[in-house]
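Here are some exercises for getting to know a new structure, each with a worked solution. Try each task yourself before you read on.

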Amino acid sequence: MQRLSGLDATFLYLETPTQLLHVCGLVLLDPSTIPGGYDYRKLLRELDSRMATMPTFRRKLKDSRLNLDYPVWVDDHDFDIERHCHRTAVPAPGTHAELAELAGHIASQPLDRSRPLWEMWVIEGLADGQIAVMSKIHHSAADGVTGANILAQLCSLEPDSPALVDPTAQGAGDAGTLDIAIGGLMAVIARPARIARLVPGGIAMLPKWVTRARKGEAMPAPFTAPRTSFNGAITGHRNVAFSQLDLAKVKAVKDRHGVKVNDVVLALCAGALRKYLEDRDELPEDSLVAMVPVSVHGKSDRPGTNQISGMFTQLGTQIADPVERLHAISDYNATSKNHNEALGANMLQDWSQFASPAVFGAAMRVYSSLKLAERHPVVSNLVVSNVPGPPVPLYFLGAQIKGMFPLGPIFHGAGLNVTVMSLDGKLDVGIVSCSDLAPELDQLAQGFGAALDELFDAEVTTPAPTAT
């Protein structure tokens, strides 16, 4: 068995019927590159054979009433791929609008916790002849980097090349009720000592934050973001939108203004959000605040699938000039990154180890049912994530990938998630929200292209240092 870390388990406890915590991905495929042509049953058999050596797809949760600690992963000996892979089609006329609507419906459905926590939907009927694949995996089983690595194992660099499968990967194993209970008891016994080691550093964190803030060296504090229409209690309804940008233009803006790609990504998000909110006459006077997940893979020695921390940064949405906004974002990012690194790569993982299953889960259900997110200051306005991908063409089971749009979860009080991924010269933007809070999400997606054109066409009036 493999026991979940506190952070992995936290994503289970945070989940409610309205706050669904799976991570999705929408992939557009060209079936004409598949050797021998596309056939759903053949694709399913190939997928099944490759997953035989991929433990993440074949493990499920197991728990016991006697367990005082987090659940464990065990191998699913009754694994059946047809319980996880489904075939459907978009309604006529089969445009990307119908695809986005269907993707939103799929994202609105919870995963079955009695089975391995993932699903895959093969979507046919697109007017351009492409096929879409919508994947879902629970955040307790994968973070952004882990999810990208899992997908990479199903992909190849040539249509007829074998997938990148790790032959050394081991399954989760099995566990009995007594094994789970004894392991959980030992972990709980050791918990007070771990808390004692963390408390001094935690107590010192607030005055250090205040000192940095006085010096202008702190990232925005939680609960200081302005409220917008998508910063309320979310329902279980999801809507999806996506956009595809020219990565060469993004890099040209980066080079021209001496900033980093991530600065440009956040500037595009800020430009699109500014236009979206202005059109609704609800642009706040203060800057929107984004929570940006930060991978600590390779930096943290803590166990668990989720190896992440998070930083808050301003988006400069109160600044009208796009170039001035870009440089302000670059400065905000540098400050927030330095502050986040000072907090340590293990902070989020360490403190999440003390999330009590009974107390945390019950508290989250009360918080959700009472819509408390609408009664306290906004923690952050949205989540923005940037996932780098390969600069070369990829093939999914022989079909060339024409677009890969990551779709992250949304939360009460922060009902908007923007995740971008670079692949083969394109920057793919995936957007998820609650349709009751942001019903016209496609208008926000259209704003990304306009924001890129605005920055690309803008003149450089002052020399800027070259970013590495």
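**Exercise 1.** Find the bridge partner of Arg3 in strand S4.

*Solution.* Keep in mind as you look that this model is predicted. Begin with the two strands: S1 covers residues 2–3 and S4 covers residues 72–75. They pair in the antiparallel sense, over two bridges. Within S4, Arg3 has Val72 as its bridge partner.

Now look at the other pairing of S4. Strand S3 (residues 59–62) pairs with S4, again in the antiparallel sense, over four bridges. Here Lys60 is matched with Val74 of S4.

**Exercise 2.** Work out the strand order of the open sheet of seven strands, and name its edge strands.

*Solution.* Step across the sheet and you read S5-S6-S7-S2-S14-S13-S8, with mixed pairing. The edge strands pair on one side only; they are S5 (85–89) and S8 (155–156).

Next, zoom in on one pair. Strand S6 (residues 118–124) and strand S7 (residues 131–138) run antiparallel and are joined by six bridges. Across this pair, Met120 faces Ser135 in S7.

Finally, see what packs on the sheet: helix H3 (residues 96–107) touches S2 (22–30), S5, S6 and S7. The direction of H3 makes about 150° with that of S2.

**Exercise 3.** Decide whether Ala89 is buried, partly exposed or exposed, and list its contacts beyond the neighbours within four places in sequence.

*Solution.* First place the residue: Ala89 belongs to strand S5. Its relative accessible area is 42%. Buried would need under 20% and exposed over 50%, so Ala89 counts as partly exposed.

Then set aside the neighbours within four places in sequence: Ala89 is in contact with Leu102, Ile123 and Glu124. You can also check a distance: Leu99 lies ten residues from Ala89 in sequence, and the two C-alpha atoms are 8.8 Å apart.

**Exercise 4.** Trace the open sheet of six strands and find which helices pack on it.

*Solution.* The order is S9-S16-S15-S12-S10-S11, with mixed pairing. At the edges are S9 and S11 (308–314), each pairing on one side only. From one strand to the next, the twist averages 20°.

Inside this sheet, S12 (residues 382–387) and S15 pair in the parallel sense over five bridges. Val387 has Met421 in S15 as its bridge partner.

Helix H6 packs on the sheet, touching S9, S15 and S16, and its direction makes about 70° with that of S9. Helix H11 packs there too, touching S9, S15 and S16, with about 15° between its direction and that of S9.

**Exercise 5.** Check whether the end-to-end distance of helix H11 agrees with its expected span, then find its buried residues.

*Solution.* H11 has 17 residues (441–457). At 1.5 Å a residue, its span should be 24 Å. The end C-alpha atoms are 25 Å apart, which agrees.

The buried residues in H11 are Leu441, Leu444, Ala445, Gly447, Phe448, Ala451, Leu452 and Leu455. To understand the spacing, recall that an α-helix has 3.6 residues a turn, so residues three or four places apart point the same way. Among the elements that cover the buried residues of H11 are strand S9 (238–246), helix H7 (261–279) and helix H8 (322–343).

**Exercise 6.** State how many helices and strands the protein chain has, and what share of its residues is buried.

*Solution.* Count the elements: there are eleven helices and 16 strands. Of the 468 residues, 50% count as buried.

Note on methods: Residues are numbered from 1 along each chain as its sequence is written. This is a predicted model: local features need pLDDT of at least 70, side-chain atom pairs count only at pLDDT 80 or more; totals for chains, interfaces and linings use all residues. Side-chain values use heavy atoms; hydrogens and water are left out. Two strands pair if DSSP finds at least two bridges between them. Contact means heavy atoms within 4.5 Å. Axes are lines fitted to C-alpha atoms, for helices over the stretch in contact, and angles run from 0 to 180 degrees between N-to-C directions. Buried means under 20% relative accessible area, exposed over 50%, partly exposed in between (1.4 Å probe, protein chains only). The expected span of a helix is 1.5 Å times one less than its number of residues.
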